[in-house]
Amino acid sequence: MKAVVFGASIYARLISGDHNRSDTMDMPSELRGVTGYNIALRAINPDTGRTVLDIIIPKNRPVPMKIKKTYYTAPNNGGKMRIELLRFIEEQDVKTLGLLNVGPLPTDKPNYPIEVTIEYTEDGIVILQAYNPETGLELEKTFGKEGMGVSYLSNQKKIVQRAFINNAL
């Protein structure tokens, strides 16, 4: 209930035109600093072969938060891995934040490890990176669907590297 009251006071201030005060208001600590959405990757369950939503950062967790998880390439991967970054509150309203194509990889053998790091910052920004766990070096990436054009790729890159998740003032 406190969050509703606080939100109403912010909204009332905005529509009243009161700009004499600082534009930044101190939000109570219990109302800030948590994730607003689940942040997940679309993955293939190796046991069933079915596509699943692998939640990396669950909603309502304290921020900042940085999670590392290792994924493995599939057979016939062509030396690449596609990562789809998602956000959602409920599984029926999944939104894609962006697609990340990782590669070329050092090998096209199946089960090649790729360490994925997702960071959720205090200001609601999601940062996605992919590393070779054997060398610790960041892997080459392109954003978006191949053949979609440069503007589409640059927009996808901005979305994935700096996606605003919370709509806070």
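**Group meeting: loops, a core and a pocket**

Let me start with one residue: Pro104 is found in the loop between β5 and β6. The bond before Pro104 is a cis peptide bond, joining Gly103 and Pro104, with omega about 10°. Strands here are DSSP runs of E of at least two residues, helices are runs of H or I of at least four, and both are numbered from the N terminus.

Before going on, the ground rules. This is a predicted model, in which local features need pLDDT of at least 70 and side-chain atom pairs count only at pLDDT 80 or more, while totals for chains, interfaces and linings use all residues. Residues are numbered from 1 along each chain as its sequence is written, and side-chain values use heavy atoms, with hydrogens and water left out.

Now the overall layout. The protein has 2 helices and 9 strands, and along the sequence they follow the pattern α-β-β-β-β-β-β-β-β-α-β. Of its 169 residues, 34% are buried; buried means under 20% relative accessible area, exposed means over 50%, and partly exposed is in between, using a 1.4 Å probe and protein chains only. A contact means heavy atoms within 4.5 Å. Among contacts with a separation of 6 or more, 58% are between residues 24 or more positions apart.

Next, strand β1, which runs from 38 to 44. Because 5 of its 7 residues are buried, β1 is largely enclosed by the rest of the structure. Strands count as paired if DSSP finds at least two bridges between them. β1 pairs with β2 in the antiparallel sense over 6 bridges, and in β2 the bridge partner of Ala40 is Ile55. The two strands form a hairpin with 6 residues between them, and Gly49 in the turn has a positive phi of about 75°. β1 also pairs with β4, again antiparallel, over 4 bridges. There, the bridge partner of Leu41 is Leu85.

Leu41 leads us to the core. A nonpolar core is a set of buried Ala, Val, Leu, Ile, Met, Phe, Trp, Tyr and Cys residues joined through side-chain atoms within 4.5 Å. In soluble globular proteins, nonpolar side chains tend to be buried together. Which residues touch the most other members of the largest nonpolar core? Of its 24 residues, they are Leu41, Ile83, Leu85, Val102, Ile114, Val116 and Ile118. The elements giving two or more residues to this core are β1, β2, β3, β4, β5, β6 and β7. The largest share, 4 residues, comes from β6. Leaving out residues up to four places away in sequence, Leu41 touches residues including Leu53, Ile56, Ile83, Leu85, Val116 and Ile118.

Thr117 is in strand β6 too. At a relative accessible area of 1%, Thr117 is buried. Apart from residues up to four places away, Thr117 touches Lys66, Ile67, Lys68, Ile127, Leu128, Gln129 and Tyr131.

On to empty space. On a 1 Å grid over the protein atoms alone, a pocket is an open set of points with protein on both sides within 12 Å along at least five of seven lines, where a 1.4 Å probe fits, and lining residues have an atom within 4 Å of a point. The second largest pocket has a volume of about 640 Å³, where grid points are joined across faces, edges and corners and volume is the space filled by probe spheres set on the points. How many residues line this pocket? The count is 26, of which Ala43, Ile44, Tyr71, Tyr72 and Met81 lie nearest its centre. β1, β2, β3 and β4 each supply at least two lining residues. By class, the lining has 14 nonpolar, 6 polar and 6 charged residues; Ala, Val, Leu, Ile, Met, Phe, Trp, Tyr, Cys and Pro count as nonpolar, Asp, Glu, Lys and Arg as charged, and the others, Gly among them, as polar.

Last, back to the loops. Most residues other than glycine have a negative phi, and most peptide bonds are trans. The bond from Val63 to Pro64 is cis, with omega near 5°, and Pro64 lies in the loop between β2 and β3. Asn60 is found in that loop as well; Asn60 is not a glycine but has a positive phi of about 65°, and it is exposed at 53% relative accessible area. Asn76, in the loop between β3 and β4, has a positive phi near 55°. Is Asn76 buried or exposed? At 79% relative accessibility, Asn76 counts as exposed.
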